[in-house]
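Subject: The structure to look at

Hi,

Here is the structure I promised to pass on. Have a look at it first, then read my notes underneath.

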Amino acid sequence: MGSSFEPTKNSSLYIQVKDSIIKRIQEKVWSPHSMIPTENELMVEFNVSRTTIRQAVSILVQEGILEKKQGKGTIVKPRVFVGTLGKLKGFAEEALENGIIPSSKLLLVKTSKDLNYEKSVLKVPMEEEIVVIERLRFANQTPIAIERSCWPYDIGKLLIDQDLNGANYYEILEENHIILTHALEKITSINATLFEADLLGIRGGQALLEMQKLSFGRENRLIEFTTTKFCSDKYQYNIELVR
């Protein structure tokens, strides 16, 4: 295959090779579980040194995108779900952008006056109800996250009558002229309870990434308080920093 790789002066050569390899994986030139070309073949394709190829591949192995198989070579690991900090998107939107088929299983939907902490976060008066929806989220049929979202009742009621196994919350809200404008996110590391581990098909105590998101609408109104617990080996965040 002829090389379309054209190095620039904007970043180190090995970083450019790494990014080019990622692009080929995203475009399914190299599919999950398949072997990538050998070092010699990559050197010819990118017209770079062995050291540059090894640096690029080493980073991709560390990031969990590639995996070295003893005596065989280097394979493309099954796709990791990559979220992007700085953009207000739902799970389904991010999945589709990653070339992943999203799906959900509804675990719970209810209204409640008793969740005082959640109501205080959403700034809902104590005498009013909120809507709580819990779902197990899948990426290509693999369970990847447990999502618990809380909504003021007047907003949550728009979701209750939907098929919540497949509903895209943000699309439903936008159809009802409720526009999310910005959000605040906090990410921490936690350990899975036995119940969470059973849902996700992992070991109890295994590390999870917990993301808490507060979403705002027009006039800075709080619309959503969602806690999502991701399998840390199947999900990662990317963020671009500019100086």
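Before anything else, a word you'll need: pLDDT is the predictor's confidence in each residue, on a scale from 0 to 100. It matters here because this is a predicted model. Over the chain the mean pLDDT is 85, and 83% of the residues reach 70 or more. That confidence varies by element: strand β3 (residues 81-84) has the lowest mean, 56, while helix α5 (residues 116-122) has the highest, 96.

Now the overall picture. The chain has eight helices and ten strands. Of its 243 residues, 42% are buried. If you take the contacts between residues at least 6 apart in sequence, 57% of them join residues at least 24 apart.

Let's start with α2, which covers residues 39-46. Which of its residues are buried? They are L42, E45 and F46. Looking down the axis of α2, you'd see these buried residues fall within an arc of 80 degrees, so they line one face of the helix. There's a handy rule behind this kind of pattern: an α-helix has 3.6 residues a turn, so residues three or four places apart point the same way. The buried residues of α2 pack against α1 (13-26) and α3 (50-62). Just after α2 comes N47, with a positive phi of about 55 degrees.

Next, α3. Try a quick check on its length: at 1.5 Å a residue, its 13 residues should span 18 Å, and its end C-alpha atoms are 18 Å apart, which agrees. Its buried residues are T52, I53, A56, V57 and L60. They cover an arc of only 125 degrees around the axis, so they sit on the same side of α3. Turned away from that buried side is a face carrying the exposed residues T51 and Q62. What covers the buried residues of α3? The list includes α1, α2, β1 (66-69) and β2 (73-76). After α3 comes G64, and its phi is positive too, near 80 degrees.

These helices also turn up in the largest nonpolar core, which has 16 residues. The members that touch the most others are V17, I21, I25, W30, F46, I53 and L66. α1, α2 and α3 each supply at least two residues of this core. There is also a second, separate core of 14 residues, with I155, Y170, L173 and I223 among them. As background, nonpolar side chains tend to be buried together in soluble globular proteins.

Finally, two residues to click on. S112 is in strand β4 (residues 102-112). Buried or exposed? S112 has 8% relative accessibility and anything under 20% is called buried, so S112 counts as buried. The S112 side chain reaches the backbone nitrogen of D114 at 3.0 Å. Leaving aside neighbours within four places in sequence, S112 is in contact with E128, E129 and I130.

The other one is I160, in helix α6 (residues 153-160). I160 has a relative accessible area of 30%, between the 20% and 50% cut-offs, so it is partly exposed. Not counting residues up to four places away in sequence, I160 touches V109, T111 and V131. I160 and V132 are 28 residues apart in sequence, and their C-alpha atoms are 9.4 Å apart in space.

Happy clicking!

Technical notes. Residues are numbered from 1 along each chain as its sequence is written. Side-chain values use heavy atoms; hydrogens and water are left out. Buried means under 20% relative accessible area, exposed over 50%, partly exposed in between (1.4 Å probe, protein chains only). Helices (H or I, at least four residues) and strands (E, at least two) are DSSP runs, numbered from the N terminus. The arc is that of the directions from the helix axis to the C-beta atoms. Contact means heavy atoms within 4.5 Å. The expected span of a helix is 1.5 Å times one less than its number of residues. A nonpolar core is a set of buried Ala, Val, Leu, Ile, Met, Phe, Trp, Tyr and Cys residues joined through side-chain atoms within 4.5 Å. A polar contact is a pair of N or O atoms within 3.5 Å; within protein, one must be able to donate a hydrogen and the other to accept it, and residues adjacent in sequence count only if both atoms are side-chain atoms.
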